[in-house]
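Subject: Structure for your review

Dear colleague,

Please find below the structure that I am handing over to you. A summary of what was found in it follows, and I would ask you to read the two side by side.

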Amino acid sequence: MRKIEEYSILLSSDADAPKKKKEKKGKLNIFEVFEAGVAALVVVTILFLFCFRVFSVDGPSMKPTLQPEDRVVVSNIGYKAQQGDIVVLSGADSSQKPIIKRVIAVAGDVVDINFTSGIVTVNGKEEHFSDELTTQQADIAFPLTVPEGTVFVLGDNRGVSLDSRSSRIGCVDERKIVGKVLFRFYPLGDWKVE
C-alpha cells in the first residue's frame, strides 16, 4: 500500500510540473518585455543626447515652411553646411536663443540682393528658396562675399526675419550651427521640411 501512495504522490507532483513551468514562463516573458523596453528607452535617450536634438520654432521668420510652435528634429552628425539647408543656430545674435534659418550661401559664395526688385542672387544665380521678395534692407552692404568658416542665412519670411542682412546676425560662424533640421514631428502628419 505504501508504494502505491508514494507512486500517486510522485504522479501528482509530476502533473503539477507543467503548470509551474507555464507560470514561470509567463513571469519570465513579462520580465523580458520590461527589460527590452528599458533597453530601448536607454538607446533612444543616448541617441537624442548625442545624435539628435529637438527644437521648437519660435516666431514667424520661417513661415510658410515652419510655423510657430512646430517641433523639429535636428542632427549635426557628419554635417557640413550646404545651400538650402534649414539649420538651428545657437548664439548667432545677442539674445543667445537658438534660431532657425535657411542657409543661402556658404564660404566663398557671393550674395547680392536687389532690394528694389526683391531678388537674391548667389554667384549670379537667382535663389528660389522663398516665394517672398526680399525688399527689407538692413545695414549690411551688398554684394557680399561670404567669409571662410561662415554661412549666410535668411528666413523664408523675408519681411519679418532678422538674419544675415543685419549686422546683429551677419555671416554666421559655422561653429554656431547646432545642426540641420531633419524633419518636423509636431504637428503630426506633415513631417517633411523643405
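Among contacts in the protein chain between residues at least 6 apart in sequence, those joining residues at least 24 apart make up 60%. Please keep in mind throughout that this is a predicted model.

Overall composition

The protein chain has 194 residues, and 34% of them are buried. Its secondary structure consists of one helix and 11 strands. Along the sequence the helix is followed by the strands, in the pattern α-β-β-β-β-β-β-β-β-β-β-β. The accessible surface comes to about 12,400 Å², and carbon and sulfur atoms account for 59% of that surface.

The helix

Helix α1 covers residues 2-50, and I46 has its place there. I46 is counted as partly exposed because its relative accessible area is 45%, a value that lies between the limits of 20% for buried and 50% for exposed. Together with F34, V38 and V42, I46 makes a nonpolar surface patch of about 370 Å².

The open sheet

Four strands form an open sheet with antiparallel pairing, and their order is β7-β6-β5-β8. At the edges are β7 (125-126) and β8 (144-145), each of which pairs on one side only. Within this sheet, β5 (residues 110-114) and β6 (residues 119-122) run antiparallel and are joined by four bridges. One position to look for is N114, which stands opposite I119 in β6.

Strand β4 and its partners

Strand β4 spans residues 99-106, and seven of its eight residues are buried, so the strand is largely enclosed by the rest of the structure. Strand β3 (residues 86-89) pairs with β4 in the antiparallel sense over four bridges. In that pairing, L89 has I99 of β4 as its bridge partner. β4 is also joined to β9 by four bridges, and these two strands run antiparallel. There, A105 stands opposite F152 in β9.

V153 in strand β9

V153 is found in strand β9. Is V153 buried or exposed? V153 is buried, because its relative accessible area is 0% and the limit for buried is under 20%. Leaving aside residues up to four places away in sequence, V153 touches L89, K101, R102, V103, I104, D163, S164, I169 and V172. V153 and L89 are 64 residues apart in sequence, and the distance between them in space is 9.9 Å, C-alpha to C-alpha.

D156 in the loop after β9

D156 is found in the loop between β9 (150-154) and β10 (172-173). Although D156 lies in a loop, this residue is buried, with a relative accessible area of 2%. Which residue does the side chain of D156 join in a polar contact of 2.5 Å? The partner is T65, through its own side chain. T65 is also among the residues that D156 touches, not counting those up to four places away in sequence; the others are S61, M62, K63, R102, F129, S130 and E132. R102 appears among the contacts of D156 and also among those of V153.

When you open the structure, you may wish to begin with β4, which pairs with β3 and with β9, and then follow β9 to V153.

Yours sincerely,
A colleague

Notes:
Residues numbered from 1 in each chain as written. Predicted model: local features only at pLDDT ≥ 70, side-chain atom pairs only at ≥ 80, totals over all residues. Heavy atoms only, no water. Buried < 20%, exposed > 50% of the residue type's maximum accessible area, 1.4 Å probe, protein only. Polar contact = N/O pair within 3.5 Å; in protein donor to acceptor, adjacent residues only side chain to side chain. Contact = heavy atoms within 4.5 Å. Pairing = 2+ DSSP bridges. Patch = residues over 30% accessible without salt bridge, like charges linked within 9 Å, V, L, I, M, F, W, Y side chains within 5 Å. Areas by Shrake-Rupley, 256 points an atom, 1.4 Å probe, with all protein chains shown as cover. Salt bridge = Lys/Arg side-chain N within 4 Å of Asp/Glu carboxyl O.
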